Amino acid sequence: MTETLVHVENLTKHFPITKGIVIERVVGAVRAVDGISFDIQKGETLGLVGESGCGKTTAGRTLLGLYPATSGKTIIDTHSVHDAKGSELMHIRRKAQMIFQDPYASLNPRWTVNAIVSEPLRVHKLITNQQERDARVKDLLELVGLNARHINRFPHEFSGGQRQRIGIARALASDPLFIVCDEPISALDVSIQAQVVNLLEKLQDQLSLTYLFVAHDLSMVRHICDRVAVMYLGVIVEIAERNDLYETPLHPYTQALLSAVPVPDPRKERARKRTILVGDVPSPINPPSGCRFHPRCPVAVEKCKTHVPEWREAAPQHWVACHLVNG
Ligand code: SF4
């Protein structure tokens with residue numbers, strides 16, 4: 001039986017746009033995340049995919065409480081993230097961690113690996129004895145495939161893949177239950193990407209972790225995720241079990257994204273239909289009316305311009321928001 005670890009309900013994050021020097025007035029908002037809802041089960045990996053600027057990174061940060069939510073709620077392991085204060089907030093910070101996209105920027109260049117990885121242990125007062133802390137850091141380094149003897153080295157002495165492993169070790173230090181992996185491989189060489197993905201999978205099995213895997217590389221998402229949510233301009237347009245989504249995508253945006261993913265079989269590659277998306281993603285300051293995808297949708301009808309499509313279960317566990325897909 002599955003058990004929900006993360007519950008996200010109507011989560012919204014708007015960044016206000018202000019004008020005026022003496023008296024600041026709010027004149028608009030960047031609607032980066034505009035009412036997203038999903039659950040993640042214990043031990044599951046949910047992929048969150050979409051083009052750059054669709055709001056997926058903001059969604060990951062907001063649901064962890066790194067950005068205050070404009071509205072909506074996130075429950076992680078029975079705790080309400082956006083209402084938590086004091087010790088409850090510290091507990092959430094301990095149990096819900098993030099692995100960042102850029103291993104170059106996310107590590108303090110003046111700190112040793114020991115200082116970086118032990119930071120959560122110090123902040124959460126998990127291990128106060130220095131020797132025990134050093135021993136735990138060495139264990140964590142070995143767990144992520146790094147040499148424990150390099151504990152006193154600095155980030156610039158490591159390769160990109162090794163730096164990402166340091167970031168993973170830091171995220172694991174506080175024994176998290178849930179980790180948001182924010183494009184953890186997109187800044188790495190292709191040859192290193194698979195190694196980091198394999199490591200994340202191994203750690204998930206070993207430590208019973210639950211992941212939200214934010215990415216734009218759809219082929220890697222298929223490899224690591226159990227289910228996939230597709231995001232467009234601040235909203236989720238489709239969620240399904242991964243094989244279901246990749247074999248039977250229902251939303252025209254998902255179909256377009258998948259049509260750009262190369263297929264290894266040359267015969268299938270030649271036979272498949274490509275959908276080229278025209279234009280750029282519109283501004284989240286003033287998103288299009290009706291279905292937000294309508295200015296770029298190759299099959300849009302008149303209704304799409306005025307009516308927001310209903311979120312419906314078109315097939316078992318396969319949810320989509322499109323007027324042309326019947327439930
Ligand atoms: Fe395209 Fe209309 Fe469906 Fe939106 S609702 S994806 S515009 S067909």
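Helix α5 crosses helix α6 in a right-handed sense in this predicted model. The two helices, α5 spanning residues 160-172 and α6 spanning residues 190-207, pack at an angle of about 20°, and their axes lie 10 Å apart. With angles under 35 degrees counted as roughly parallel, α5 and α6 are therefore roughly parallel to each other. On the α5 side, the contact is made by G161, Q164, R165, I168 and L172. Facing them from α6 are I192, Q195, V196, L199, L200, L203 and L207. By residue type, the contact of α5 with α6 splits into eight nonpolar residues, three polar ones and one charged one.

Turning to the strands, eight of them make up an open sheet with mixed pairing. Read across, the order is β6-β7-β8-β3-β9-β10-β12-β11. The edges are taken by β6 (96-99) and β11 (311-315), each of which pairs on one side only. Going from strand to neighbouring strand in this sheet, the average turn is 25°, with direction ignored.

Towards the β11 end of that order, strand β10 (residues 235-241) pairs with strand β12 (residues 318-321). This pairing is antiparallel and runs over two bridges. Within it, I239 sits opposite W319 of β12. Strand β10 also has a helix to deal with: α9 (residues 252-259) lies across both β9 (227-232) and β10. The direction of α9 makes about 105° with β9, and angles from 65 to 115 degrees count as roughly perpendicular.

A second open sheet is built from four strands, in the order β2-β1-β4-β5, and here the pairing is antiparallel. Its edge positions go to β2 (25-41) and β5 (79-80); each has a single partner strand, so one side of each is left without a neighbour in the sheet. For β5, strand β4 (residues 71-76) is a pairing partner, in the antiparallel sense and over two bridges. Here I76 stands opposite H79 of β5. This sheet, too, carries a helix: α1 (residues 56-63) packs on it, touching β1 (4-19), β2 and β4. The direction of α1 makes about 115° with that of β1.

Note on methods. Residues are numbered from 1 along each chain as its sequence is written. This is a predicted model: local features need pLDDT of at least 70, side-chain atom pairs count only at pLDDT 80 or more; totals for chains, interfaces and linings use all residues. Side-chain values use heavy atoms; hydrogens and water are left out. Axes are lines fitted to C-alpha atoms, for helices over the stretch in contact, and angles run from 0 to 180 degrees between N-to-C directions. Angles under 35 degrees count as roughly parallel, over 145 as roughly antiparallel, 65 to 115 as roughly perpendicular and the rest as oblique. A crossing is left-handed if the near helix is turned anticlockwise from the far one by less than a right angle, and right-handed if clockwise. Contact means heavy atoms within 4.5 Å. Ala, Val, Leu, Ile, Met, Phe, Trp, Tyr, Cys and Pro count as nonpolar, Asp, Glu, Lys and Arg as charged, and the others, Gly among them, as polar. Two strands pair if DSSP finds at least two bridges between them.
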